[in-house]
Amino acid sequence: MGIFEPFRAIGYTTSSVPFSVQRLGTEAFVTVSVGKAFQIYNCAKLTVVLVGPQLPKKIRALASYRDYTFAAYGTDIAVFKRSHQVATWSNHNAKVNLLLLFGEHILSADIDGNLYIWGFKGIDENLEPVGHIKLDENFTPSCIMHPDTYLNKVIIGSQEGSLQLWNISTKKKLYEFKGWKSSICSCVSSPALDVVAIGCADGKVHVHNIRYDEEIVTFTHSTRGAVTALSFSTDGQPLLASGGSSGVISIWNLEKRRLQSVIKEAHDGSVLTLHFFVNEPVLLSSSSDNSIKMWIFDTSDGDARLLRFRSGHSAPPQCIRFYANGRHILSAGQDRAFRLFSIIQDHQSRELSQHHITKRAKKLRVKEEEIKLKPVIAFDCAEIRERDWCNVVTCHMDTAQAYVWRLQNFVLGEHILKPRPENPTPVKACAISACGNFAILGTAGGWIERFNLQSGSSRGSYVDPSERCGSAHEGEVVGIACDSTNTHMISAGYHGDIKVWDFKGRGVPSRWEVGSSVVRIVFNRLNGLLAVATDDLIIRLFDVVASRMVRKFEGHTDRITDMCFSEDGKWLLSSSMDGSLRVWDVILARQIDALHVDVSVTALSLSPNMDILATSHVDQNGVYLWVNQSMFSGVSKVGSYASGKRVVSVKLPSVSSTKGSEAEDIDQPVGNSAQIEDALPTLVLQIPDLVTLSSYPKSQWQSLINLDVIKERNKPIEPPKKPEKAPFFLPSVPSLSGEIMFKPTGSTNEAKGGEESSRIKGALAPSVFLQVLQSSAEMKNFSEFTDFIKTLSPSSLDMELRILQIVGDEDEEEPEKLAPIELLLDYFIDETACRNNFDFVQAVIRVFLKIHGETIRRQLQLQDKASKLQDVQRNTWHRVDKMFQSARCMVTFLSNSQF
């Protein structure tokens, strides 16, 4: 595994698999598929309550019952209890496309016409089906349902247009309906007995009496496409909802036998599932456009209104960028949506408003897509002015104007930026200055113009007198960037000309030619380096101030799609259509890591903290997150990745954020991680002139220092009272280790004698504390002893130190009693000199001196070691305090200065 390891995918709400609804108590939950995993939403607010693990293949069907979730993938069916897989059913030889919950059984049907019956009671013991039904040869099942009050019977619809009634108990076909000469896409049971609704591929809905095989009523969709979903209302209103492949939901009145209302453009894709909640005027719908919506029928005219929804991109995102210190991601997709994703809580993700699209579409009687802005091809943002005015500017496909957004309110701004209105050409590049006051736009005609974001007014254009066309560049402006002090503005033309402009004077102090067509540029404001990707698949780094090339990176074999610098400017990340994602070290001028994914990366962004990398991919509607291993591992292994040619093949992150992604080396197989770590050079953790703190919780060593105060505070106010009827306990003797030592029953004298003998034996045998201390002193390595005392509680460690306390007024003490104290002083000297676990060791030294200070004062041999400890302590802290003093002086100087 390289520097970046797959973490999880965000932006996925549902896929093209019908959902499953169940009710637990008073709450309803919906289980949806998201590729190879499943998610469970609480229908009250559509918040995610559970994410299932990654499966080997995409889920094709779902069913749920209480804590159990059944997911069909390929030819197998996985059974989950909450998020843990408890069984796998593998009797099918063809792909399973239908699942039905039937009492205490699950029915599964594959494309070859095999119907299996599974019992999930006692699932751990029995993994075999309890029944099997082979359907007719010319019968491909397309839907399955259980009509109410029909015991052990199911109705199966087919792609050939026939409908059959089967008894799963006797495994016999009871009846075959005549059909409607069209493929059956959906069927559902109604609240009325013997009545079902069947949706066909020709756009017709048939309400049929299955007892007498008679047609009750037929409805026809006004839009072309199949009827893919049906649901009956159960709140007393005689309503039938039908969804089609065009994304329209129709509401039919069964009493009046006519169309009551239509939800136009309910979804951008085919409606997969519809579900009326029990005794509620609420309809839940899902679609292949990656959205789930809830509609409520509470208006006076009976029309439905949108109650709540969850959605993501319905088309792959093209541009992504971290925002809000890495907590959010701005994403622009081909679906004309501009979204803000939260990497912490999915329910905080939302689409930025484009000012009442739905109302304007209804008023103008056009589709919402025609009113929405065209897909975003480039954008830039500045967090510094978020509360003042619009802080995001976007360029759109084939649009001669740029739009501004205010992220504080998540809405489109009031200003429209129109560069060169007398000769408009599409805007291709944009940038916002570091101060957040100005936006610079570049067009396809080579024009560059600066705008004020607060007023939306033009603040001048950048014109190069040497250009014949009277603009900034002869061809298209590929990229624009600004430095951190509004001194320079950098622009790149398609034909390979890079120009550095005076930001205020708008002159051209320097320029140079790259020698190839420019694809993309990225500028780092910290180090002043400009990365330029060209058509010859080479990335060149230029020093803008010196106007010369300082680095050249080669390795990509196909068009470079995106680049980004790390926040400190030491890394450059690049992606290509060859499926590779490469990490270049700017200082070392070499590649330090390379990943290869099956789906090419189209955009990438590294968080300001450098802990998470976000990528978007071809034909993928989500945003994928990768974790920077060097930020979380105990030892930095960046040096081990700098092999230059080593490429690691990695699977994309999954929605479940579990370790389902595997990696394998293209050049050589990946061995045991422990062997790899042993082969790598061990890097020294200790930084010269600094101290290393322990990972011990601060509350633990603070409790050790203030243990006397804590005991005084927790002292009981009243003495313990003897209960009236004391329970029976075995007589026991407490020990320091916490283990209970039962003493044998006997006379009082025998008990006293036993106590005295146990005390003598305890005094003769050294404790574990002393044993570890002595063994560490013999090996001259106290790391084991440090790890041991870290495992002790503050009270246990205080007790171990107090046991060594010498009580008496004699000046001459026994050497045996002074030996443990002398060993502890040696330990403190060694650990302080190594500068490891500095905070924890200082707390232990304080308690040690508080207990044994008087003994050390009386003994000359201990005084020498104490003086040595004092010298080591003074030298160690003096170096750190000197650096602290430098920082304090600088802060004091800056705080008193007036700018």
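## A buried loop residue: Asp194

Asp194 is buried, because its relative accessible area of 15% falls under the 20% that marks the limit for a buried residue. In this predicted model, Asp194 lies in the loop between strand β18, which covers residues 184-189, and strand β19, which covers residues 195-200. The backbone of Asp194 also deserves a look, since its phi angle is near 70°, a positive value in a residue other than glycine.

## A second loop residue with positive phi: Ala324

Ala324 has a phi angle near 60°, and this too is a positive value in a residue other than glycine. Its place is in the loop between β30 (317-323) and β31 (328-333). Is Ala324 buried or exposed? With a relative accessibility of 13%, Ala324 counts as buried, because the limit for that label is 20%.

## The protein as a whole

The protein contains 14 helices and 60 strands. Of its 899 residues, 48% are buried, and the protein exposes about 45,100 Å², of which carbon and sulfur atoms supply 50%. When contacts with a separation of 6 or more are considered, residues 24 or more positions apart account for 46% of them.

## Three residues in strands

Ser285 is part of strand β27, which runs over residues 282-287, and at 0% relative accessibility this residue counts as buried. Which side chain makes a polar contact with the side chain of Ser285? The partner is His267, and the two side chains make this polar contact at 2.8 Å. If neighbours within four places in sequence are left aside, His267 is joined in the list of residues in contact with Ser285 by Phe19, Ile249, Thr273, Leu274, Ser291, Ile292, Lys293 and Trp295.

Thr228 is found in strand β22, made of residues 227-232. Its side chain reaches the backbone oxygen of Val271 at 2.4 Å, and Val271 is also one of the residues in contact with Thr228 once neighbours within four places in sequence are set aside. The others in that list are Cys185, Ser186, Gly243, Gly244, Ser245, Ser270 and Leu272. For Gly244, the two separations can be set side by side: Thr228 and Gly244 are 16 residues apart in sequence, and their C-alpha atoms are 5.2 Å apart in space.

Ile521 belongs to strand β46, residues 518-524, and counts as buried at 12% relative accessibility. Not counting residues up to four places away in sequence, Ile521 touches Gly479, Ile480, Ala492, Leu530, Ala531, Val532 and Met563. A C-alpha distance is also available for Ile521 and Cys564, which are 43 residues apart along the chain and are separated by 9.2 Å.

## Helices α9 and α10

Helix α9 (residues 768-779) and helix α10 (residues 783-791) pack at an angle of about 160°, with their axes 8 Å apart. The two helices are therefore roughly antiparallel to each other, because angles over 145 degrees receive that description. On the α9 side, the residues that meet α10 are Val768, Phe769, Val772, Leu773, Ser776 and Met779, and on the α10 side they are Glu784, Phe785, Phe788 and Ile789.

## Helix α13 and its two partners

The axes of helix α13 (residues 838-858) and helix α14 (residues 860-896) come within 11 Å and cross at roughly 150°. That angle makes α13 roughly antiparallel to α14, and α13 passes α14 in a left-handed crossing. The residues of α13 that make the contact are Phe838, Gln842, Ile845, Thr855, Ile856, Arg857 and Arg858, while α14 contributes Leu860, Leu862, Gln863, Ala866, Leu869, Gln873, Thr876 and Trp877.

How do matters stand between α13 and helix α11 (residues 794-803), and at what angle do their axes cross? These axes come within 10 Å and cross at roughly 40°, so α11 and α13 are oblique to each other. The crossing of this pair is right-handed. The contact is made by Leu797, Asp798, Leu801 and Arg802 of α11, together with Phe840, Val844, Val847, Phe848, Ile851 and His852 of α13.

Terms used. Residues numbered from 1 in each chain as written. Predicted model: local features only at pLDDT ≥ 70, side-chain atom pairs only at ≥ 80, totals over all residues. Heavy atoms only, no water. Helix = DSSP H or I, 4+ residues; strand = E, 2+ residues; numbered from the N terminus. Buried < 20%, exposed > 50% of the residue type's maximum accessible area, 1.4 Å probe, protein only. Contact = heavy atoms within 4.5 Å. Areas by Shrake-Rupley, 256 points an atom, 1.4 Å probe, with all protein chains shown as cover. Polar contact = N/O pair within 3.5 Å; in protein donor to acceptor, adjacent residues only side chain to side chain. Axes fitted to C-alpha atoms, helices over the stretch in contact; angles between N-to-C directions. Parallel < 35°, antiparallel > 145°, perpendicular 65-115°, else oblique. Left-handed = near helix turned anticlockwise from the far one by under 90°.
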